[in-house]
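Biologist: Please take me through this model region by region, and give the reasoning behind each reply.

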Amino acid sequence: NYLLIPLGVLLSLFVRRDPLMRRWSMIALLALALANLFLTVARGGYIAFGVLVIVLAIFHFRYLFQLRLLAVATGILFFGAIVTTQFLNVQDITDGAGDLFQHVGNLFTGASYVERVETFTTAMHAWREHPWIGMGTGSFGPYESAHPFVIPTDGWQIVNNQYLELLAENGIIGFLAMVSIFAIVIIRSVKAILRARDIRLKIIMIGFLAAFVGILVQWNTFSTLYIVHIWFTIG
């Protein structure tokens with residue numbers, strides 16, 4: 001998830017050909033970051049990255065269709081794909097890549113999906129019990145556990161959807177408060193980007209905004225409210 005932040009800023013600088021970094025240093029960092037993103041084999045991360053790219057494309061649309069830019073971007077993606085197949089020990093590229101794509105595209109079956117369905121159902125049940133103010137921050141794990149005072153060996157369970165966890169733990173009031181913060185950050189960011197006179201500041205803000213929107217989308221697949229880099233991004 002944290003990879004979205006350097007990727008958003010780097011891609012924004014890359015598309016606008018900003019001289020803040022040497023071109024080849026930027027390309028090398030992008031290739032490394034994308035290879036790391038591919039190696040996570042995290043479906044939520046891939047979806048979030050796709051959203052990040054869409055946000056960047058909206059702001060940088062007229063700069064995208066440059067032959068050299070597209071050629072370099074294709075090369076970076078190719079490098080990332082090669083690194084992924086090597087590190088994941090994919091011997092037969094055709095069969096191995098097929099297995100990889102099948103796993104990544106397997107959104108509605110498998111253990112991960114079944115576990116999420118169970119925690120989503122439990123979270124909605126908890127929310128209906130306390131719809132306005134919820135059960136209290138951090139209380140989903142004890143609520144879901146067999147015994148609320150005995151920590152399971154693998155730790156407290158989470159919902160794996162931050163929005164449902166907010167509803168269960170903080171109710172409608174807490175959920176709307178958080179959504180208001182997110183909306184204010186996005187609206188003020190867009191306003192600042194449109195008004196900024198410093199081009200480099202504008203480019204970096206676009207990268208951070210794209211990363212933030214990607215994080216908000218990925219928050220549909222995990223639910224850790226206390227990760228520092230999310231609040232760093234908001235700051």
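**Contacts, burial and confidence**

Biologist: Which residues does N170 touch, not counting residues up to four places away in sequence?

Modeller: The model is predicted, and in it N170 has its place in helix α9, which spans residues 162–195. With residues up to four places away in sequence left out of the count, N170 touches W132, I133, G134, T137, E165 and F175.

Biologist: Is N170 buried or exposed?

Modeller: The cut-off for burial is a relative accessible area under 20%. N170 has a relative accessible area of 18%, and because that value falls under the cut-off, N170 counts as buried.

Biologist: With which side chain does the side chain of N170 make a polar contact?

Modeller: T137 is among the residues that N170 touches. The polar contact, at 2.8 Å, runs from the side chain of N170 to the side chain of T137.

Biologist: Where is S223 found, and what is its relative accessible area?

Modeller: S223 belongs to the loop between α10 (199–218) and α11 (228–234). Despite this loop position, S223 is classed as buried, since its relative accessible area is 2%.

Biologist: Which side chain makes a polar contact with the side chain of S223?

Modeller: Beyond residues up to four places away in sequence, S223 touches I158, V159, N160, N161, Q162 and E165. The side chain of S223 reaches the backbone nitrogen of N160 at 2.9 Å. Its polar contact with another side chain, at 2.7 Å, is with E165.

Biologist: What is the phi of N160?

Modeller: N160, whose backbone nitrogen is reached by the side chain of S223, has its place in the loop between α8 (140–144) and α9. N160 counts as buried because its relative accessibility is 11%. Most residues other than glycine have a negative phi. For N160, by contrast, phi is positive and lies near 65°.

Biologist: Which residues does K202 touch, leaving aside residues up to four places away in sequence?

Modeller: K202 lies in helix α10, and with a relative accessibility of 15% this lysine counts as buried. The C-alpha atoms of K202 and A192, 10 residues apart along the chain, are separated by 7.9 Å. Leaving aside residues up to four places away in sequence, K202 touches I193, L194 and A196.

Biologist: What distance separates the C-alpha atoms of A35 and I82?

Modeller: A35 is found in helix α2, where its relative accessibility of 4% places it among buried residues. A35 and I82 are 47 residues apart along the chain, and their C-alpha atoms are separated by 8.7 Å.

Biologist: N36 has its place in helix α2 as well; what distance lies between the C-alpha atoms of N36 and L3?

Modeller: Helix α2 covers residues 23–39, and within it N36 counts as partly exposed, at 37% relative accessibility. Along the chain N36 and L3 are 33 residues apart, while the separation of their C-alpha atoms is 8.1 Å.

Biologist: Which residues make the nonpolar surface patch?

Modeller: One of the patch members, F65, is found in the loop between α4 (61–64) and α5 (67–87). F65 is exposed, because its relative accessible area is 62%. The patch has an area of about 360 Å² and is made by F61, F65 and L70.

Biologist: For the chain as a whole, what share of its accessible surface belongs to carbon and sulfur atoms?

Modeller: The chain has 235 residues, of which 40% count as buried. Its accessible surface comes to about 13500 Å², and the share belonging to carbon and sulfur atoms is 68%.

Biologist: What share of the contacts with a separation of 6 or more is made by residues 24 or more positions apart?

Modeller: The chain holds 11 helices and zero strands, so reading along the sequence gives a pattern of α elements throughout. Among contacts with a separation of 6 or more, the share from residues 24 or more positions apart is 70%.

Biologist: Over which residues is the pLDDT below 50?

Modeller: The chain averages a pLDDT of 83, and 85% of the residues score at least 70. One stretch, which has five contacts in the model beyond near neighbours in sequence, falls below a pLDDT of 50, namely residues 92–97.

Note on methods
Residues numbered from 1 in each chain as written. Predicted model: local features only at pLDDT ≥ 70, side-chain atom pairs only at ≥ 80, totals over all residues. Heavy atoms only, no water. Helix = DSSP H or I, 4+ residues; strand = E, 2+ residues; numbered from the N terminus. Buried < 20%, exposed > 50% of the residue type's maximum accessible area, 1.4 Å probe, protein only. Contact = heavy atoms within 4.5 Å. Areas by Shrake-Rupley, 256 points an atom, 1.4 Å probe, with all protein chains shown as cover. pLDDT = per-residue confidence, 0-100. Patch = residues over 30% accessible without salt bridge, like charges linked within 9 Å, V, L, I, M, F, W, Y side chains within 5 Å. Salt bridge = Lys/Arg side-chain N within 4 Å of Asp/Glu carboxyl O. Polar contact = N/O pair within 3.5 Å; in protein donor to acceptor, adjacent residues only side chain to side chain.
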